[in-house]
Amino acid sequence: MRQYFILFIFGLLITFGSCRTDFDTVASSGDLKFSKDTVYLDTVFKNIGSSTYQLKVYNKSKDDISIPVIQLKNGLNSKYRMTVDGMSGNNGKIFKDITLLAKDSLYIFIETTADITDANPADFLYTDQIQFDSGANLQEVALVTLVQDAVFLYPKQNPDGTKEKIKIDGKDVDGFYLNESDAVNGNELLFTKQKPYVIYGFAGIPEGKTVTFEAGARVFFHANSGLYVDNQASLQINGTASVTDKLENEVIFEGDRLESLYDDIPGQWNSVILAKGSKNHSVNHLTLKNAITGLNIKSPDNTTTIQIKNTQIYNCAEYGILAQNAHINAENIVINYAGLASLSCVYGGNYIFTHCTFNNNWQGSSQFAVNLSNSLAGATPETNPLTQATFNNCIIYGSGTNEFNLSKNTNTAFVYQLNNCLLKFSSTSNPDYQFKTDVAHYNQIILNENPKFLNVSKNKFNIDNTSAAFAKGNPAYIIPLDIIGATRTSPPDLGAYQNAVFPK
């Protein structure tokens, strides 16, 4: 009996289904609605595919309609390509007789790969339109993309089909050495502001050579890429103070995804690695963001001091600066948002940080703004003396409970001193963290007071005169100009910024 009932229901479905008229369509009348009237595809480098962008098309009428054609105005010659509700049409350019049901919508996904020669030479914009229907019913949605010319640096392909490699920490990685007499790019050891640079793989600085980045240079790193400064080689970053928010004179290192969605995503590229034995490094006015580790300093020559000035490092998946037995003299540094530590000095070394802001607002529970250690982790830890770690007029703060961490091995020296610093740390009986009574290590510490940064989420660490860091610095350690070139008064403010009045 049950089987007859099922057959009866099935028959009804066929009968009513054959009588449906709601798939009968009427011609489009030019009344489509769109989620936007212009689709801006973010800046792309020449001949590099963009991300995929979305346009939604609505039929607000009570009728199912048929759109005779959806096409790119430039037709098969367009540098844009589309899918319409999952269909690829004619090479992603032309689509015929598209049905759109009443009170329904369809999705169009758009991409582009354009050369600089395709763009308008006046503004480097490449444009087209998506056309819906034609004649009196024609509707259009504009497409706009900024195309940037660039110098592309990447590993060459070997005769056997494998990629060129360089050795880092004993391992072969995709990479190549920069050539000061390259047949195409000329001197690859000099980065200028004339064009941005896009790096694939690790760009190595050969032994004994110096790489120089001029003020205004822009370097974009592809995933898993970085910069490797080999033994006896040198890094010179010569940015200068900028006068606008465009940071026109900064040297900028970041990932090669230019869409705004990727502005603050950590781990988009690897690191700047200063190998053991590299020397004579100078870093000034560098903005580095979205790496795994920003500066990875691997036990440089013990007689060499690395000068780091007026430098900002943001949104690193592991460390802003990771230094192993390094010698660093730094001033006006700002680091924020790192998965493990904004600054981590391990395996000993010698460090002086003056007027620096080390903050860490990573959303976790085990990260620090500053970590100091005289050993390397392992079953039998390797140790090296920490001969000096001095912080003058600094801010060490963040979203965690304790933003300052000491990891001592008693088998070797561990020397540190904090002078006139604002520090975030909960109370503890541990003798290493007695900030008010341990005068041998801590002098004039402001504990757990709010520095009132302008906007931490946007990496703006300016302060005003209501900050707990206002005028709390020791003039003996003053750096005359702050990170943006403003003159410090006496007594100076703590951290990398001199106070300013913020607009309401």
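**Pockets, salt bridges and unusual backbone in a predicted model**

Lysine 424 sits in the loop that connects β37 (422-423) with β38 (442-443); strands here, like helices, are DSSP runs numbered from the N terminus (E, at least two residues, for strands; H or I, at least four residues, for helices). The model is a predicted one, in which local features need pLDDT of at least 70, side-chain atom pairs count only at pLDDT 80 or more, and totals for chains, interfaces and linings use all residues. Residues are numbered from 1 along each chain as its sequence is written, and side-chain values use heavy atoms, with hydrogens and water left out.

Lysine 424 is a good place to start. Its side chain is buried but has no salt bridge, and the nearest side chain of opposite charge, glutamate 403, is 5.7 Å away. Buried means under 20% relative accessible area, exposed means over 50%, and partly exposed lies in between (1.4 Å probe, protein chains only). For charge, Lys and Arg count as positive and Asp and Glu as negative, while His and the chain ends are not counted. A salt bridge requires a side-chain nitrogen of Lys or Arg within 4 Å of a carboxyl oxygen of Asp or Glu. A polar atom of the lysine 424 side chain does, however, lie 3.1 Å from the backbone oxygen of glycine 400.

Elsewhere, charged side chains do pair: the count comes to ten salt bridges. One of them joins lysine 46 and aspartate 149, at 3.2 Å from N to O. Lysine 46 belongs to the loop between β3 and β4 and aspartate 149 to the loop between β10 (139-148) and β11, so this pair ties together parts that are 103 residues apart in sequence. Aspartate 149 also meets lysine 195 in a salt bridge, at 3.1 Å from N to O. That second pair links distant parts of the chain as well, with aspartate 149 in the loop between β10 and β11 and lysine 195, 46 residues apart from it, in the loop between β14 (190-191) and β15 (197-199). Both lysines are partly exposed, lysine 46 with a relative accessible area of 22% and lysine 195 with 35%.

A further salt bridge brings together lysine 209 and glutamate 180, at 2.5 Å from N to O. Here the linked parts are the loop between β16 (202-205) and β17 (210-214), which holds lysine 209, and the loop between β13 and β14, which holds glutamate 180, 29 residues apart. Lysine 209 counts as partly exposed at 32% relative accessibility, and glutamate 180 is partly exposed too, at 38%. Through shared partners, salt bridges join Lys46, Asp149 and Lys195 into one network.

The backbone offers some points of interest. Most residues other than glycine have a negative phi, and most peptide bonds are trans. Asparagine 47, although not a glycine, has a positive phi of about 60°; this residue is found in the loop between β3 (38-45) and β4 (53-59) and is partly exposed, with a relative accessible area of 45%. Asparagine 332 likewise has a positive phi, of about 55°, but is found in strand β27 (residues 319-338) and counts as buried at 1% relative accessibility. The peptide bond from serine 490 to proline 491 is cis, with omega near 0°, and proline 491 lies in the segment after β39 (446-447).

Turning to the pockets, the largest has a volume of about 1000 Å³. A pocket is an open set of points on a 1 Å grid over the protein atoms alone, where a 1.4 Å probe fits, with protein on both sides within 12 Å along at least five of seven lines; lining residues have an atom within 4 Å of a point. Grid points are joined across faces, edges and corners, and the volume is the space filled by probe spheres set on the points. The lining of the largest pocket comprises 31 residues, with Asp245, Lys246, Leu247, Gln312 and Lys460 nearest its centre. Its largest share, three residues, comes from β26.

The second largest pocket, with a volume of about 450 Å³, is lined by 21 residues, of which Phe152, Leu153, Asp182, Asn185 and Glu188 lie nearest its centre. Here β11 provides the largest share of the lining, three residues.

Conventions
Polar contact = N/O pair within 3.5 Å; in protein donor to acceptor, adjacent residues only side chain to side chain.
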